[in-house]
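Hi,

Here is the structure I said I would pass on. Have a look at it first, and then read my notes on the charged side chains below.

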Amino acid sequence: MSSQILDTMIHEIQQILGDDTVEIVPELVMMEIPNWDSITHMQVITRAEELFNIRFSIEELMAITTIDALVQSIKAMILGRA
């Protein structure tokens with residue numbers, strides 16, 4: 001499941017950034033991605049919420065600093081619904 005979430009979010013992040021050549025790996029710190037700013041961050045979070053029908057709390061948002069943290073948070077929320 002994590003790999004599917006990761007693949008989906010990589011595609012979405014590349015779309016939001018407008019650059020499908022940006023290399024995105026799980027351990028990447030989001031703020032180290034070129035052109036990443038707070039607006040980009042919220043676009044990615046909002047897109048994840050839409051795609052996976054989830055809602056992040058403020059505490060969860062503050063903990064999401066890497067791609068892996070995003071994927072793991074999405075996975076936990078999906079599994080929590082099951």
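First, a term: I call it a salt bridge when a side-chain nitrogen of Lys or Arg is within 4 Å of a carboxyl oxygen of Asp or Glu. Please keep in mind that this is a predicted model. As background, side chains of opposite charge can pair when their charged atoms come close.

Searching the whole structure turned up three salt bridges. Glu12, Arg47 and Glu50 are joined by such bridges into a network, so let me start there.

Within that network, Glu12 and Arg47 pair through their side chains, with N to O at 2.9 Å. Glu12 sits in helix α1 (residues 2-17) and Arg47 in helix α2 (residues 38-52), so this pair ties together parts that are 35 residues apart in sequence. Arg47 also makes a salt bridge with Glu50, where the closest N and O atoms are 3.2 Å apart. That one stays inside α2: Arg47 and Glu50 are three residues apart there, which means about one helical turn between them.

How buried or exposed is each member of the network? Glu12 has 12% relative accessibility, so it counts as buried. Arg47 is partly exposed at 29%, and Glu50 is exposed, with a relative accessible area of 52%.

The remaining bridge is between the side chains of Glu49 and Arg55, at 3.2 Å from N to O. Here a buried residue, Glu49, with a relative accessible area of 13%, is paired with an exposed one, Arg55, at 62%.

Since α2 keeps coming up, here is a bit more on that helix. Its 15 residues, at 1.5 Å a residue, should span 21 Å, and the end C-alpha atoms are indeed 21 Å apart, so the two values agree. If you want to see which α2 residues are buried, pick out Thr40, His41, Val44, Ile45, Ala48, Glu49 and Phe52.

Both ends of α2 are worth a click too. At the start, a side-chain oxygen of Asp37 comes to within 3.1 Å of the backbone nitrogen of Ile39. After the helix comes Asn53, which has a positive phi, near 55°.

If you only have a minute, go to Arg47: its salt bridges include the one to Glu12 and the one to Glu50.

Cheers

Technical notes: Residues numbered from 1 in each chain as written. Predicted model: local features only at pLDDT ≥ 70, side-chain atom pairs only at ≥ 80, totals over all residues. Heavy atoms only, no water. Helix = DSSP H or I, 4+ residues; strand = E, 2+ residues; numbered from the N terminus. Buried < 20%, exposed > 50% of the residue type's maximum accessible area, 1.4 Å probe, protein only. Expected span 1.5 Å × (residues − 1). Polar contact = N/O pair within 3.5 Å; in protein donor to acceptor, adjacent residues only side chain to side chain.
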